[in-house]
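Dear colleague,

I am passing on the structure below, and after it you will find an account of what was found in it. Please keep it open beside you while you read.

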Amino acid sequence: MLHVTSGDHAAARIRAMGVGGEVLAWQDVLHEGPVPAGLDLAALTAVRARFIGARGWEDEAIALAMLTARDARLAATAGEDEVALWFEADLYDQLQLLQLLDWFAEPARRPAKLTLMLSGASLPALDERQLRELFFRRRAVPEGVLQAGRRAWAAFRDPDPRALEALLADDEMGAIPGLTEALRRHLEEFPSVADGLSRSERQLLEAVAAGAPDLRAAFVAAHHEREDPVFLGDTVFADYAVRLGGGPHPLVTLAGGAPIVAPGRGETATFWAARAYLTQDGLDVLEGRADAVALRGIDRWLGGVHLTPGSCWRWDHVAGALVPG
C-alpha cells in the first residue's frame, strides 16, 4: 500500500499511525511558478526543479533528483494493491491532488484500488484517533472525480486563464469538495484591477502598514489571520516579501531603507526578526494612488499563465472575474 500526501509534516503523521504501507510526500508548491501545458510528467518536473532552484528554495540538482524519485515511485503504482490519497481543502493541497487525479485518470496507471481522504482540517493538526477515523472512512475514487480532476488540471495549465475561470460555475467541480474555492483563491493571485497587487501581496502590505513588529508577525497577520484555509508556507511568504522589497520602486523596506533580501544559510532567524516598513510607493499603491504593475512591471507565472507587462490578466474582486490586460 502507498499513501500519498502533500508534504513532510503530513507524511510523518501518517507514518506514525502504524497502519502500514509506504508514504510519499508530493512536495511541490504548484501555485507558484510555471506549470505550462503540453509537457509530460518528466518534462514538467524539469521545469519545476529549474524554478525551485531559481528561487533559491533548493539547489536545482537536488530538487530535480527529489522530484524525479517521486515521479518514479508514482509510475510504479500500477502494481500496488492500494494507493491512498491524503489531502486537504487548501490551494496548496488541491493543486497537488489535481495533478495526481490527472495521472490516475489513465486506466493503465491505476492501482487495484485508489482511495481518497480529503480533510477540511490540517492533517498534521489531527490527533491519531482523528487520522485513523479518516483512514477507515476512506472511499474509492469514482470515475467522475478522476475526470473532474483531469479537466481542472488542464485548465490550471492553460495559457488562457479563462479556462480556469469557467470552472467556477461548473457543477462537476463539486465532485471534489473545496476545489471551487481553491481555484477562486488562485485567481485572486492575479494582479488586481484596482492596484496591481495580488491578494497575498495586498495582505502583506496591509500587515506592514498596521505595524507588524517583525516579518514573522506580518506573516501571521497577513496569512494565518486572513486565510481560511491557510495554504502558504513561510518560505513562499518570505519570497513575496523579497519580491516586493526589491527591483524598481520597492514597496517595502527594512529600517533605514535597506532592501529586503532572501536569507542566506544561518540567517533565517535574523530575517524573520526584522521589521518591514512601507515605502512611499508602497503607501501610494496601498491607498490606490498608484498601480504596482505600472510602477514595477511584472514577470510571474501562475499555473500555465505567464504574466508580463504586455500580457497581464487582472482580477476584478468586485465582479469576481478576470479582465484582460
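**Helix H9 and its surroundings**

Around the buried residues of H9, the covering elements include helix H8 (179–187), helix H10 (215–224), helix H11 (234–244), strand S7 (252–254), strand S8 (276–278) and helix H13 (280–286). Please bear in mind throughout that this is a predicted model. The residues of H9 that are buried are Ser200, Glu201, Gln203, Leu204, Leu205, Ala207 and Val208.

Glu201, which has its place in helix H9 (residues 199–209), deserves a second look. Its relative accessible area is 10%, and it counts as buried because the limit for that word is under 20%. If neighbours within four places in sequence are left aside, Glu201 is in contact with Gly196, Arg243 and Leu244. After H9 comes Gly211, which has a positive phi, near 100°.

For contrast, you could turn to Ala273, which is placed in helix H12 (residues 268–273). Is Ala273 buried or exposed? With a relative accessibility of 54%, Ala273 counts as exposed, because that word is used for values over 50%. The C-alpha atom of Ala273 is separated by 5.3 Å from that of Asp214, although the two residues are 59 residues apart along the chain.

**The nonpolar cores**

In soluble globular proteins, nonpolar side chains tend to be buried together. Here the largest nonpolar core has 81 residues, and the members that touch the most others are Leu85, Phe104 and Phe190. The element that gives the most to this core is helix H4 (residues 91–104), with nine residues. Which residues does Leu85 touch, not counting those up to four places away in sequence? Leu85 touches Val4, Leu97, Leu100, Leu101, Phe104, Leu114, Thr115, Leu116 and Met117. Another core, of 14 residues, lies apart from the largest one, and Val23, Ala84, Leu123 and Leu131 are among its members.

**Two open sheets**

The five strands of one open sheet are arranged in the order S2-S1-S4-S5-S6, and their pairing is mixed. At its edges are strand S2 (22–25) and strand S6 (139–140), each of which pairs on one side only. S6 pairs with strand S5 (residues 114–119) over two bridges in the antiparallel sense, and within this part of the sheet Thr115 stands opposite Ala140 in S6. H4 packs on the sheet, where it touches strand S1 (2–5), strand S4 (83–88) and S5, and the direction of H4 makes about 155° with that of S4.

Another open sheet has three strands in the order S3-S9-S10, again with mixed pairing. Strand S3 (33–34) and strand S10 (305–307) are at the edges with a single partner strand each, so one side of each has no neighbour in the sheet. Strand S9 (residues 300–303) runs antiparallel to S10 and is joined to S10 by three bridges; the bridge partner of Trp301 in S10 is His306.

**Helices H1 and H5**

Finally, there is a crossing of two helices to find on your screen. The axes of helix H1 (residues 8–17) and helix H5 (residues 128–136) come within 10 Å and cross at roughly 85°, which means that H1 is roughly perpendicular to H5. At this contact, Arg13, Ala16 and Met17 in H1 meet Glu128, Leu131, Arg132 and Phe135 in H5. The residues of the contact divide into four nonpolar and three charged, with no polar ones.

With best wishes

How values were computed. Residues numbered from 1 in each chain as written. Predicted model: local features only at pLDDT ≥ 70, side-chain atom pairs only at ≥ 80, totals over all residues. Heavy atoms only, no water. Axes fitted to C-alpha atoms, helices over the stretch in contact; angles between N-to-C directions. Helix = DSSP H or I, 4+ residues; strand = E, 2+ residues; numbered from the N terminus. Parallel < 35°, antiparallel > 145°, perpendicular 65-115°, else oblique. Contact = heavy atoms within 4.5 Å. Nonpolar A, V, L, I, M, F, W, Y, C, P; charged D, E, K, R; others polar. Core = buried A, V, L, I, M, F, W, Y, C linked by side-chain atoms within 4.5 Å. Buried < 20%, exposed > 50% of the residue type's maximum accessible area, 1.4 Å probe, protein only. Pairing = 2+ DSSP bridges.
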